Amino acid sequence: MMSDIYREKSPLSEQDCFVVFDRRKSSFTFPVHIHPEYELNYVEGASVAQRIIGDSSETTGHKDLVLIANPELKHAWKDGECTSTDIHEITLQFHPSLVEQILDKKQFQSIQELFNRASKGVHFGTATIEKVLPILRILTMEKNGFYAVMKLFILLYELSKGEDLRELLVPQKWV
């Protein structure tokens with residue numbers, strides 16, 4: 001039912017390339033929602049929480065990283081059986097237009113392929129998480145906007161080269 005879907009309003013303005021949220025939480029529930037921005041979501045310390053993207057519903061491990069590149073892809077997180085009160089979440093949201101103009105260039109082919117796959121949502125495995133986590137953490141502290149954007153592109157490139165990512169299930173209508 002569309003009325004049960006929360007349309008999230010991101011603080012990302014037209015003048016921003018992206019926003020980053022670095023939060024500590026005692027629970028990890030966020031209702032079913034959609035938003036026009038692409039989203040990279042990293043969660044640490046929320047083992048056995050429930051991640052729902054499209055028609056995929058899975059429990060999370062100690063470290064969980066997903067990319068959603070579809071403005072209409074419904075997604076949510078629920079505490080599930082997670083009892084941790086020390087959860088670390090890093091979320092990046094960025095406009096699709098940030099990269100649309102360059103994705104057809106050959107140097108960005110792997111990122112284009114990543115976004116194509118992420119239209120269904122993609123989950124990254126441990127090897128990729130460990131490789132990109134330092135970049136992700138640096139992004140939460142970078143004060144220079146130009147360098148932050150360059151690091152975002154490096155992060156996206158490294159994610160696109162990950163060999164342990166998998167597409168989540170094809171999105172279907174939620175009832």
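Reader: Which residue's backbone oxygen does the side chain of His 35 reach?

Author: This is a predicted model: local features need pLDDT of at least 70, side-chain atom pairs count only at pLDDT 80 or more, and totals for chains, interfaces and linings use all residues. Residues are numbered from 1 along each chain as its sequence is written, and side-chain values use heavy atoms, without hydrogens and water. At 3.0 Å, the His 35 side chain reaches the backbone oxygen of Glu 37.

Reader: Is His 35 buried or exposed?

Author: Happily, one number settles this. Buried means under 20% relative accessible area, exposed over 50%, partly exposed in between (1.4 Å probe, protein chains only). Because its relative accessibility is 1%, His 35 counts as buried.

Reader: Which element gives the most residues to the largest nonpolar core?

Author: A nonpolar core is a set of buried Ala, Val, Leu, Ile, Met, Phe, Trp, Tyr and Cys residues joined through side-chain atoms within 4.5 Å. The largest one has 33 residues, and Leu 40 and Phe 115 are among those with the most contacts inside it. Elements are DSSP runs numbered from the N terminus: helices (H or I, at least four residues) and strands (E, at least two). With seven residues, the top contributor is H4.

Reader: Which strands are the edge strands of the six-stranded sheet?

Author: The open sheet has the order S2-S9-S4-S7-S10-S11, with antiparallel pairing. Two strands pair if DSSP finds at least two bridges between them. Those pairing on one side only are strand S2 (18–25) and strand S11 (165–167).

Conventions. Polar contact = N/O pair within 3.5 Å; in protein donor to acceptor, adjacent residues only side chain to side chain.
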